[in-house]
Amino acid sequence: MAPTLPIYLDYHATTPVDPRVLDAMLPYFTEHFGNAASRSHRFGWDADKAVERARQQIAGLIGACANEIVFTGGATESNNLAIKGIVDARRDRGSHLITTAIEHKSVLDTCKRLTKQGCTLTILPVDHNGRVDPDSVGRAITPETIVVSVMAANNEVGTVQPLGEIAKITRERKVILHTDAAQAVGKIPIDVAALGVDLLSCTAHKMYGPKGVGALFIRRQAPRLQLTPLADGGGHERGLRPGTLNVPGIVGFGRAADVAQTDMPAESARLATLRDRLFARLQQALPGVGLNGGTSDRLPHNLSVSFSGVDGEAILMAVDDVALSSGSACTSGTVEPSHVLKACGIPDELALASIRFGLGRYTTEEEVDYAADKVASVITHLRATRAAATR
Ligand SMILES: *Cc1c(COP(=O)(O)O)cnc(C)c1O
């Protein structure tokens, strides 16, 4: 059966809201519209109860306690709150930060901002697969180090980091470990207790919840963490995140966490199979197909590939009915290879010839086959055109 067009294969950028999530949210726009901070009437109590249920659902997904979850406006805000908040609260202990070269901009730019305010920063390299060497974390820690921030899974090449091994080192050296888990939570098992992570950022819209809602896990025991808030204005969220809570969004996030937890084993197996089928089909149809990132320790729904001799932007332009992403970033008008692919040691010409496929809950076999055939035919055409031009 021919798939309905256009096809969405950009699930790392965002995901649609699951109908089950939307159903849970709708009553909280109209019927149960109360302010969760209103303590004196039924409307407020109902909203508060719904928020606390969602807090439990999210905590349950990541092995935390409900009182360790603070709601934010997304992973960008959670990353800012985690890193700036811990650095400010621990100023008396030091001002050195450690992160990695493949982080999302919301971590890298936050760390860079702090260097303008007197912090020093170590940016760790990664290997060819995008993996951080836990020993390199140990070597980078100094008596001045406050926090290490390493993402759980990468949004471009899908690499899953050895967080447990890194946490062993940061715990022993009494340094805080933060992880940006926006791409990992709801996709692969993440347990903050088992891993030993201290701060974890996640976001609803990457896991079939609504946009503009995120959470930060803040460890409350061994150690009990104190953070300085980014903003002032009320006692919401234990004084860490003032402002009226986005109750429908939070309810949706909670439901999304429940659905993800129930569906994860079957869904990740299904997606890995589809992902492998996509890669095999591309390889069968084309020479010069390279895999970015490794084959193990990788998100099941991620495929990042280079197609030698073609420009990724030109592929995206020509593939008009499949939503994909390229291996480049448009920084101030010029096309640059992405900092992630660069950090993996992928040569610029291959990074610029890279495409990211992000599969998800609504991806079908027909869609994968269509996308592979379409990309293959576009690349065959682009290569032929190029060969003719250089003849
Ligand atoms: C999407 C994403 C973010 C930003 O999340 P928002 O909720 O959109 O702010 C941060 N880190 C990673 C790894 C992401 O994929």
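**Exercise 1. How far apart do the C-alpha centres of domain 1 and domain 2 lie, and what do the two domains bury between them?**

Step 1. Start with the bounds, which come from an automatic or database domain assignment: domain 1 is 7-15 + 264-389 and domain 2 is 19-258. Their C-alpha centres lie 29 Å apart.

Before going on, note that this is a predicted model, where local features need pLDDT of at least 70, side-chain atom pairs count only at pLDDT 80 or more, and totals for chains, interfaces and linings use all residues. Residues are numbered from 1 along each chain as its sequence is written, and side-chain values use heavy atoms, with hydrogens and water left out.

Step 2. Look at contacts (heavy atoms within 4.5 Å): 29 residues of domain 1 touch 33 residues of domain 2.

Step 3. Now take the buried area (accessible area, 1.4 Å probe, that two parts lose on being put together, summed over both). The domains bury about 2500 Å² between them, with 54% of it on carbon and sulfur atoms.

**Exercise 2. Which polar side chains lie 2.6 Å from a ligand atom?**

Step 1. Use N or O atom pairs within 3.5 Å as the polar contact cut-off. The side chain of Asp180 places an N or O atom 2.6 Å from a ligand nitrogen.

Step 2. For Lys206, a side-chain N or O atom is 2.6 Å from an oxygen atom of the ligand.

Step 3. To round this off, add His205, with a polar side-chain atom 2.9 Å from a ligand oxygen.

How values were computed:
A polar contact is a pair of N or O atoms within 3.5 Å; within protein, one must be able to donate a hydrogen and the other to accept it, and residues adjacent in sequence count only if both atoms are side-chain atoms.
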